[in-house]
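Colleague: Please take a close look at one part of this model for a first-year student. I would like to hear how the strands are arranged.

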Amino acid sequence: MKIDKELIEKVSKLAKLKLDESEKEKYSKDFKEILGAFAILDKMDVKSVKSSFRPIEEKDILRDDKVRESITQKEALKFTKHQEKGFFVGPKTIE
Amino acid sequence: MLKEHIKKVKSGEIKLTEYVKEVLDKCKSINKELSYFNTICKKEALEQAKEVEEKIKSKKAGKLAGLIITVKDNLCVRDVESTAGSRILKGYKPLFDATAIERLRKEDAIIIGKTSCDAFGFGSFNTNVGLDFEIPKNHQDIERVTGGSSGGSAGITAVADFVHVAIAESTGGSIESPASFCGVIGFCPTYGRVSRSGLISYANSLDKIGVMTKKVKDIAPVLEIISGFDEKDSTSLKHKINLKSDVKKLKIGIIKESLGKGIEPEVKKAILKIIEKLRKKGFICEEVSLPITFKYGVPTYYLISTSEASTNLACLSGLRYGQEEDPKGKSFAEYFSEVRSKHFNDESKRRIMLGTFARMAGYRDAYYIKATKIRTKIIEEYKKLFEKYDVLISPTMPVVAPKISEVKKMTPLQNYMMDILTVGPNLTGMPHATISAGDKEGLPIGLMATTDHQEEGKLLQFLEIIEGLQ
């Protein structure tokens, strides 16, 4: 696999991180070292093995659908400067 | 220690408010030199002390009345700044307590502050603190690390001359590493034993809340309170915790690979000395092997944990809480990227990048999914050994606490490889603990013990045996 500036830029765009040139260079070097060592996983054949997304599987884990107290609108807005008429103000989502 | 302290608080022999005031002053002065706290919540702790005193008067005080608790900064404490050691969460004061904290508060334990950690738990030495935070220092040598990521928890446990329990958290070794480097006991229960509700997630299939203490017998009274099913965390265990075990002769497996290449000779020597003492007491100690764990454990851990972290940290975007910039006139991608790039530290960016890559279309099967399958093989490997053995032992860390300057010279990969001994029980979600096994010129060496899922009782029994040897 080719680890280059282009790949790092693609990943950072998906990760919503704006990297400067020196960071791109640094993470590119780190990726090469880390993924180079992690390539050892290729040696293991796990085609017929099931994934463990958790270490212990619990069954019947859904809770009852009951109405209960929640935080108030005022409380929810307590931590932001950017609010208007009881709503959060965010960046534009549609250009 | 803990039980006697609570008795004295309840009888009035210890005047709680005065006592808490003294403890807070001590912590303030410790913090100046060693940087173990991100926040000391003086006002809240004193208010709580007064309330508990009132409850004592009316004979309504809880089981942990007056016990001093510190909380790793990645657990939410109501109205107290909870940043997970990161700048992006600076100023965030949760409206609620994490379930573990709520349960402790209900039993009248006193919360005095939030302890230092690598930002979001991303580190093994506590040197990856968030931007503007101080690196905590080892009490034995201030040029050295405390270990991480729960470095503040271990540091304050080591130096406190007051009865105290630290609430810490481990994802890949964050309780064990600092407990080992600071010479205290670190106890990490089975995955799901303590609700993760209110924990600022690093990796949800790996995060576990545990405790640090100076004495083994102080673990159970606190663990008993914080354990148990919580409907706010669907992965919390329904089975009740069993903290008692009276197996006549525990069968001990010595993990062969943990005493091989890359282990500092003094660390190996200390562990072998303990094994010799155990054998003299009549315990069966046999060599066992975990080849898959030692070959594939570190990459498996880092691929799973960073994948989960990269999605968990997507909620930190400069909206609703935490650090923000002016969103006007910016597109959402531009705005989120700006805030995140400005306030995440280097290691947070690296792990988010790595996890995003491991989950990316075209790479997901080869990295993330593959790692989850190898995790299954690792769990099977441990389970097989527990058919024959009660406890598996190894050193906790391959070295004693390195110098801060030495850690800074390591590459990220060299850094990750230091977790080689702790990733196993963390990937399998099995209870594990560290206890001091001696020292190298004053620098503590830790022994790690692991038991099967739900076997916290056996683990405590084993720790008591080790404590008794010293």
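Modeller: What follows describes one sheet and what packs on it.

This is a predicted model, in which local features need pLDDT of at least 70 and side-chain atom pairs count only at pLDDT 80 or more, while totals for chains, interfaces and linings use all residues. Residues are numbered from 1 along each chain as its sequence is written, and chains are lettered from A and ligands numbered from 1 in the order in which they are written.

Chain B holds an open sheet of 11 strands (a strand is a DSSP run of E, at least two residues, numbered from the N terminus). The order is β1-β3-β2-β4-β6-β5-β10-β11-β9-β7-β8, and the pairing is mixed. Two strands pair if DSSP finds at least two bridges between them. At the edges stand β1 (37-40) and β8 (284-288) of chain B; each has a single partner strand, so one side of each is left without a neighbour in the sheet. On average, neighbouring strands are turned by 30 degrees against each other, direction ignored.

At one of these edges, β1(B) pairs with β3 (residues 110-115) of chain B in the antiparallel sense, over 3 bridges. B:Thr39 has B:Lys114 in β3(B) as its bridge partner.

A helix (a DSSP run of H or I, at least four residues) also packs on the sheet: α7 (residues 219-226) of chain B touches β4 (164-170), β5 (185-188) and β6 (208-213) of chain B. Touching means contact, with C-beta atoms, placed from the backbone, within 7 Å. The direction of α7(B) makes about 155 degrees with that of β6(B). Such angles run from 0 to 180 degrees between N-to-C directions, with axes fitted to C-alpha atoms, for helices over the stretch in contact.

Definitions and conventions
Two residues are in contact if their C-beta atoms, placed from the backbone, lie within 7 Å.
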